[in-house]
Amino acid sequence: MKYLFGPVLSRRLGLSLGVDLLPPQKVCSMDCLYCECGKTPRRLLTLERREWVPTDEVKRELEYLLSDPSFEVDFVTFSGNGEPTLHSRFGEVARFVKELRPDLRLALLTNASTLDEPEVLKELEVFDLISPSLDAGSEEVFKKINRPAEGLTLEKVLRGLRKLRENFQGEVWLETLFVRGINDHPAEVERIGELVHELEPDRWQINTVVRPPAYRVRGLTEEELLKIAELVAYPKTDVVGIGMIPVKSVGVKRGSDAERRLLELVRRRPSPPEELKPALRLGDEEFERLVQKLQREGKVKLVSHGGRRFVAPAGEDRN
Ligand code: SF4
């Protein structure tokens, strides 16, 4: 599978099948300090919406997987190597999933950079859940943390978020990721808090840097996140960051195609062995053997972050 990944057990969404509508080099309207997909290449830092990968191929993969009625997940989630709404036909793909499997819920993870555009807004109604990001309360911090494409401002993001709240009937889970020394100072937290209260998301999920980031930045402790939650005092707040969850495996035969699946998973986000082993249904020894083989072949590398070990794609320039 080139465009589908997982299913993985995500802390926020439960068991989730990922749909990635961007090419492996990553295409995004932002180049966030904390991004777990690595840096956004300069020429692919853009607000341009186009058919970045062939829609028909994505549909073929979806049809193959979802036509098995025993295939079940909590969500089919549009996310991956960049901003999904930059794919000009993301709405068509989402509707295709709903037609194939009306029983499955659809989620969209977005950086909210295009939500003020009418042609994007009208495609959103097919989703059950939208989780947009908001990491700053001022233009200055927005530029620092999200490193946007030319022409993208916090004002545009907020315009999109307000339109989303006015027009979208499904659930909205707003996510804020806190980075030490960047958006965690009291004045910025206060501004972000004011926006959260104004936007009234169904959940406000606060998170921090838990996987190896694109740039050399550090996350907050659980106590610090809890303090922010207390200060902002938004009644529907979840502190998501810090702990990792165990991943279970679904619909995967023991060890089947483990190499390909491992590469697919870590390409989208570096993952610790304790997540990968159960997802691939591999024992300790088999897993270590596989990782060593892929290291020898120059396909993956081991990196440390926050005292944990992660398997990441080799050759990727982080920090
Ligand atoms: S975190 Fe999301 S919005 Fe930020 S650079 Fe990565 S993919 Fe783009």
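Good morning. I begin with helix α9, which is mostly covered, with six of its eight residues buried. Please bear in mind throughout that this is a predicted model. The buried residues of α9 are Pro 273, Glu 275, Leu 276, Lys 277, Ala 279 and Leu 280. They pack against α8, against α10, residues 284-296, and against strand β10, residues 308-313. Just after the helix, Arg 281 adopts a positive phi of about 55°.

Let me turn to the partner helix, α8. Two packed helices are described by the angle between their axes and the distance between the axes. For α8, residues 258-268, and α9, residues 273-280, the axes come within 10 Å and cross at roughly 140°. At that angle, α8 is oblique to α9. The crossing in which α8 passes α9 is right-handed. On the α8 side, the contact is made by Ala 258, Arg 261, Leu 262, Leu 265 and Val 266, and on the α9 side by Leu 276, Ala 279 and Leu 280. By class, this contact of α8 with α9 comprises seven nonpolar residues, no polar residue and one charged residue.

Strand β1, residues 4-10, brings us to a residue from the other end of the numbering, Gly 6. Is Gly 6 buried or exposed? Gly 6 has a relative accessible area of 15%, and because buried means under 20%, Gly 6 counts as buried. Leaving aside residues up to four places away in sequence, Gly 6 touches Leu 17, Arg 261 and Leu 265. Arg 261 and Leu 265 also belong to the α8 side of the contact with α9. As for α9 itself, the C-alpha atoms of Gly 6 and Ala 279 are separated by 8.2 Å, although their positions lie 273 residues apart along the chain.

My next subject is a second helix pair. The axes of α1, residues 55-66, and α2, residues 90-100, come within 10 Å and cross at roughly 20°. That angle makes α1 roughly parallel to α2. Here too α1 passes α2 in a right-handed crossing. Helix α1 contributes Thr 55, Val 58, Lys 59, Leu 62, Glu 63 and Leu 66 to the contact, while α2 contributes Glu 92, Val 93, Phe 96, Val 97 and Leu 100. These residues of the contact of α1 with α2 divide into seven nonpolar, one polar and three charged.

Leu 65 is also placed in α1. With residues up to four places away in sequence not counted, Leu 65 touches Met 1, Leu 4, Leu 17 and Phe 71. From Leu 65 to Ser 271, the C-alpha distance is 24 Å, with their positions 206 residues apart in sequence.

I now come to helix α5, residues 154-167. Its 14 residues reach 20 Å from the first C-alpha to the last, close to the 20 Å expected at 1.5 Å a residue. Which residues of α5 are buried? They are Leu 154, Lys 156, Val 157, Leu 158, Gly 160, Leu 161 and Leu 164. Their cover includes α3, β5, α4, β6 and α6.

Helix α6 supplies my last residue, Glu 190. Glu 190 is exposed, with a relative accessible area of 53%. The C-alpha atoms of Glu 190 and Ile 228 are 9.2 Å apart, and the two residues are 38 residues apart along the chain.

Thank you for your attention.

Terms used. Residues are numbered from 1 along each chain as its sequence is written. This is a predicted model: local features need pLDDT of at least 70, side-chain atom pairs count only at pLDDT 80 or more; totals for chains, interfaces and linings use all residues. Side-chain values use heavy atoms; hydrogens and water are left out. Axes are lines fitted to C-alpha atoms, for helices over the stretch in contact, and angles run from 0 to 180 degrees between N-to-C directions. Helices (H or I, at least four residues) and strands (E, at least two) are DSSP runs, numbered from the N terminus. Angles under 35 degrees count as roughly parallel, over 145 as roughly antiparallel, 65 to 115 as roughly perpendicular and the rest as oblique. A crossing is left-handed if the near helix is turned anticlockwise from the far one by less than a right angle, and right-handed if clockwise. Contact means heavy atoms within 4.5 Å. Ala, Val, Leu, Ile, Met, Phe, Trp, Tyr, Cys and Pro count as nonpolar, Asp, Glu, Lys and Arg as charged, and the others, Gly among them, as polar. The expected span of a helix is 1.5 Å times one less than its number of residues. Buried means under 20% relative accessible area, exposed over 50%, partly exposed in between (1.4 Å probe, protein chains only).
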